Amino acid sequence: MVTDQVGTGGQTVDRARFPSNPLVLAAFVVGALIALYVQARFIPLDTRHFGLFKNQVDLDVYRAGAEHLADGRPLYDIPMLRNGLLYTYTPFSTIVFQPTTWVSVGMAVKLWSAAIFVTLYWVVVASFRSLGYRVDWRLLVVAGAIVCISTLMEPVRTTIWYGQINVFLMAIVLADLLRPDGSRLKGIGVGLAAGIKLTPGFFVVYLAITRRWRAVVVAIATFAVTVVIGALVTPQQSWNYWTDRVINSGRVGPTDAPSNQSIKGALATVFHTATPSGALWLLLSAIAVVLGLSAAYLAYRHGQELLALCLTGMTTTAVSPFTWGHHWVWFVPLLVIAVHLPIAAWRRGSRTTAGWLLFAAPALFVTVFVWRNYLPGGALGMKPFYGTGMFMTPFPDWLRWFSAAPYLWVLGVSAVSTLIVWGPGEIRGWRVRAADERASASA
């Protein structure tokens, strides 16, 4: 027997160990080593500006916002940096970012980057644990390998490169909503994350459709507290933000930028316009919300909270007016699910299904890979430029229907697959069992 029984909310849960086959573990380790080599060679780490640790411009913006608060300077009326970047987060966030100003720029980059890797590792381990795995040395090794491999996913690389915060917000939400439903503090993480950056507030809708009303109240109350704190600390800037800046998505970036991996950005790309139809955007966004949250609801009802959270997180990014690639960090726990699916099928004895599911993780990885597009410059005075991600790469025209907005397709395939497996025509006998009904299995 290779399971470990633990108590959760009064129930006994069988925790299965990660497969102990040496070839499986070796494959992950080799994959991690290859990923590190590719990361170092694809865009050399010492490349000025485009090396993995040579930018961190968003961290600079966070620091500048914190400094503006401390000095009493405007937050939203003037650029934070010489490159013209504006501050787009809540007034409360500038309080949270104060510690980044207590150290030098170089030290802040080192600490922030290290925190991203630590947080990614926690996300991977917590994701596996939520799927019913025992946290032992095998899992810890595999988790480290997946973190290394995930750096070749465009959302993760750009998170590190920009010094972005989305990985931390995702971890806060996961830590909050993966806890037992009986927890009185459930929802506080969602409210806190939304208080820093508004988009995690969408998880309140998910909590509502799954009828966890106490968590809804806690999340809303926590968010309200962050608004009050921001208003008390900087009343004028808070008024400016909540009455005007909060609805101005143009401050984030141009709608028709290739990097805008939202539905609105896809419409701008398809119709070659910077102002796509608002009615069409709202219609398609409504369809995406119904599709994504319906799938999330079914996943939750079948004990798959992690999948439900990934679907909700991806839906949030899809319907936002502007979505950078690094907003799609929910691909990291989704990759864990993709690794888990063939293991679960194999342990159920579904060898053929396990074989097909082996393609899930590579398919996701290839779709969100850091496809490199190097432009040497020279024309019109342009400087050399590296573009990463499928949407920044000149794929053949016949593939543009996919390559222009690949992340939306990941959401669509994930949601439709969930609806097929657990919808009205549920595939009997083929589903990943919830942790509280997982049978003991041998590796």
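## A tour from helix pair to loop

Start by selecting helix H4 (residues 105-130) together with helix H7 (residues 166-177): the two pack at an angle of about 35°, and their axes are 9 Å apart. You are looking at a predicted model, so keep that in mind along the way. Turn the view until one helix lies in front of the other, and you will find that H4 and H7 make a left-handed crossing. Next, show side chains. On the H4 side, the contact is made by Trp112, Ala115, Ile116, Thr119, Leu120, Trp122 and Val123. Facing them from H7 are Val167, Phe168, Met170, Ala171, Leu174 and Ala175. Colour this set by residue class and you get twelve nonpolar residues, one polar residue and no charged ones.

**Follow the rings.** Keep Trp112 of H4 and Phe168 of H7 on screen, since both take part in this helix contact. Which aromatic cluster do Trp112 and Phe168 belong to? Add Tyr62, Tyr76, Tyr87, Tyr89, Phe97, Phe223, Tyr241 and Trp242 to your selection; with Trp112 and Phe168, these residues form one aromatic cluster. If you go on to display every Phe, Tyr and Trp ring, there is plenty to browse: the count comes to 35 aromatic pairs.

**Charges over rings.** Now select Lys264 and Trp281. The charged end of Lys264 sits over the Trp281 ring, 4.5 Å from the ring's centre. For another example, move to Arg372 and Phe42: here Arg372 lies over the face of Phe42, at 5.6 Å from the ring centre.

**Helix H1.** Phe42 brings you to helix H1, which covers residues 22-42. Select Gln39, which lies in this helix. Is Gln39 buried or exposed? Gln39 has a relative accessible area of 5%, which is under the 20% limit, so this residue counts as buried. Show what surrounds the side chain: leaving aside residues up to four places away in sequence, Gln39 touches Leu45, Leu52, Thr151, Leu152 and Arg157.

**The loop after H1.** Walk along the chain into the loop between H1 and helix H2 (57-71), and stop at His49. Its phi is near 75°, a positive value in a residue other than glycine. His49 is partly exposed, because its relative accessibility is 37%. Carry on to Gln56, in the loop between H1 and H2. Phi is positive here too, near 55°, and Gln56 is likewise a residue other than glycine. As for its surroundings, Gln56 counts as buried, at 2% relative accessibility.

**Helix H13.** Jump to helix H13 (residues 278-301) and select Leu284. With a relative accessible area of 30%, Leu284 is partly exposed. Which residues does Leu284 touch, not counting those up to four places away in sequence? They are Ile263 and Leu267. Try the distance tool on Leu284 and Ile263: they are 21 residues apart in sequence, and the C-alpha to C-alpha distance is 7.3 Å.

**Zoom out.** To finish, bring back the whole protein chain as a cartoon, where you can pick out 19 helices and four strands. Colour by accessibility, and buried residues make up 53% of the 443 residues in the chain. Finally, consider the contacts between residues at least 6 apart in sequence: 68% of them join residues at least 24 apart.

Technical notes. Residues numbered from 1 in each chain as written. Predicted model: local features only at pLDDT ≥ 70, side-chain atom pairs only at ≥ 80, totals over all residues. Heavy atoms only, no water. Axes fitted to C-alpha atoms, helices over the stretch in contact; angles between N-to-C directions. Left-handed = near helix turned anticlockwise from the far one by under 90°. Contact = heavy atoms within 4.5 Å. Nonpolar A, V, L, I, M, F, W, Y, C, P; charged D, E, K, R; others polar. Buried < 20%, exposed > 50% of the residue type's maximum accessible area, 1.4 Å probe, protein only. Phe/Tyr/Trp six-rings, centres within 6.5 Å; stacked < 30°, edge-to-face > 60°. Lys NZ or Arg CZ within 6 Å of the ring centre and 35° of its normal.
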